[in-house]
Amino acid sequence: FRDGKLKGTIRDGPNVTAVAVSLDGRYLATASVDMTLRIYAVGKKQAKLVAETQEAHRRFVFQMTFTEDNELLSCGEDKVMSITTVGGKVVHRVREHTDWMGDVACVGRQV
């Protein structure tokens with residue numbers, strides 16, 4: 001990712017709604033309209049699917065970002081912010097918002 005050159009393409013599920021790259025460049029995550037989060041390990045020549053889950057969200061995902069610890073934060077139309085490990089396990093779901101969330105960010109190691 002650092003040199004700006006195309007390394008390859010990933011054929012993902014239907015209509016990708018969000019993409020995130022981990023801070024260390026080791027992982028790439030996608031979200032699709034079928035509410036599936038997919039996490040890929042990025043190698044020098046290819047990306048390998050390491051996890052996918054439909055447990056994080058019930059509606060479209062609008063935004064995702066990785067923490068420094070390579071946990072994936074995601075939010076969207078279902079008014080939920082989820083934290084998912086690179087292994088695909090949803091470790092936390094915050095459901096306290098009254099409207100959809102269009103953006104998520106983290107600073108440092110604290111979520």
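In what sense do β3 and strand β4 (residues 47-53) pair, and over how many bridges? In this predicted model, the two strands pair in the antiparallel sense, and the pairing of β3 with β4 extends over 6 bridges. The connection between them is a hairpin, in which 4 residues lead from β3 to β4. Within this pairing, Arg38 stands opposite Glu52 of β4.

The chain as a whole contains 8 strands and 0 helices, so that the order of elements along the sequence, by the DSSP assignment of helices and strands, reads β-β-β-β-β-β-β-β. Of its 111 residues, 36% count as buried, and the chain exposes about 6,900 Å², of which carbon and sulfur atoms supply 49%. When contacts between residues at least 6 apart in sequence are considered, 39% of them join residues at least 24 apart.

The largest nonpolar core comprises 12 residues, namely Ala18, Ala20, Tyr27, Ala29, Ala31, Leu37, Ile39, Ala56, Val61, Met64, Phe66 and Leu72. At least two residues of this core are supplied by each of β1 (16-21), β2 (27-32), β3 (37-42) and β5. The surroundings of one member, Ala18, can be listed in detail: with residues up to four places away in sequence not counted, Ala18 touches Ala29, Thr30 and Ala31, and also Val61, Phe62, Gln63 and Met64.

A second pairing involves strand β5 (residues 61-66) and strand β6 (residues 72-76), which run in the antiparallel sense and share 5 bridges. Thr65 has Leu73 of β6 as its bridge partner. These strands, too, form a hairpin, here with 5 residues between β5 and β6, and Asn70 in the turn has a positive phi of about 60°.

Asn70, which lies in the loop between β5 and β6, has a relative accessible area of 10% and is therefore classed as buried, because the limit for that class is under 20%. The side chain of Asn70 makes a polar contact with the side chain of Asp24 at 3.1 Å. Once neighbours within four places in sequence are left aside, the residues in contact with Asn70 are Ser22, Asp24, Arg26, Tyr27 and Val86. Two of these residues, Asp24 and Arg26, are themselves joined by a salt bridge, with the closest N and O atoms 3.5 Å apart. Arg26 is partly exposed, with a relative accessible area of 45%, and Asp24 likewise counts as partly exposed, at 31% relative accessibility.

A search of the whole structure finds 3 salt bridges. Besides the pair formed by Arg26 and Asp24, there is a network of salt bridges in which Asp34, Arg38 and Glu52 are linked. The side chains of Arg38 and Glu52 meet with an N to O distance of 3.1 Å. This pair links distant parts of the chain, with Arg38 in strand β3 and Glu52 in strand β4, 14 residues apart. The side chains of Asp34 and Arg38 form a salt bridge with an N to O distance of 3.8 Å.

The accessibilities within this network are not uniform: Arg38 is buried, with a relative accessible area of 11%, whereas Asp34 is partly exposed at 26% and Glu52 is partly exposed at 47% relative accessibility. The buried class applies to Arg38 because its value of 11% falls under the 20% limit. The side chain of Arg38, a residue placed in strand β3, also takes part in polar contacts, one with the side chain of Ser32 at 3.2 Å and another with the side chain of Glu52 at 3.1 Å. Arg38 and Glu52 are thus described by a salt bridge, by a polar contact between side chains and by their opposed positions in the paired strands.

A further position concerns the loop between β6 and β7 (81-84), where Lys79 is found. At 35% relative accessibility, Lys79 counts as partly exposed. The C-alpha atom of Lys79 is separated by 10.0 Å from that of Phe60, and these two residues are 19 residues apart along the chain.

Definitions and conventions:
Residues are numbered from 1 along each chain as its sequence is written. This is a predicted model: local features need pLDDT of at least 70, side-chain atom pairs count only at pLDDT 80 or more; totals for chains, interfaces and linings use all residues. Side-chain values use heavy atoms; hydrogens and water are left out. Buried means under 20% relative accessible area, exposed over 50%, partly exposed in between (1.4 Å probe, protein chains only). Contact means heavy atoms within 4.5 Å. Accessible areas come from the Shrake-Rupley method with a 1.4 Å probe; for residues, only the protein chains shown count as cover. Two strands pair if DSSP finds at least two bridges between them. A nonpolar core is a set of buried Ala, Val, Leu, Ile, Met, Phe, Trp, Tyr and Cys residues joined through side-chain atoms within 4.5 Å. A polar contact is a pair of N or O atoms within 3.5 Å; within protein, one must be able to donate a hydrogen and the other to accept it, and residues adjacent in sequence count only if both atoms are side-chain atoms. A salt bridge is a side-chain nitrogen of Lys or Arg within 4 Å of a carboxyl oxygen of Asp or Glu.
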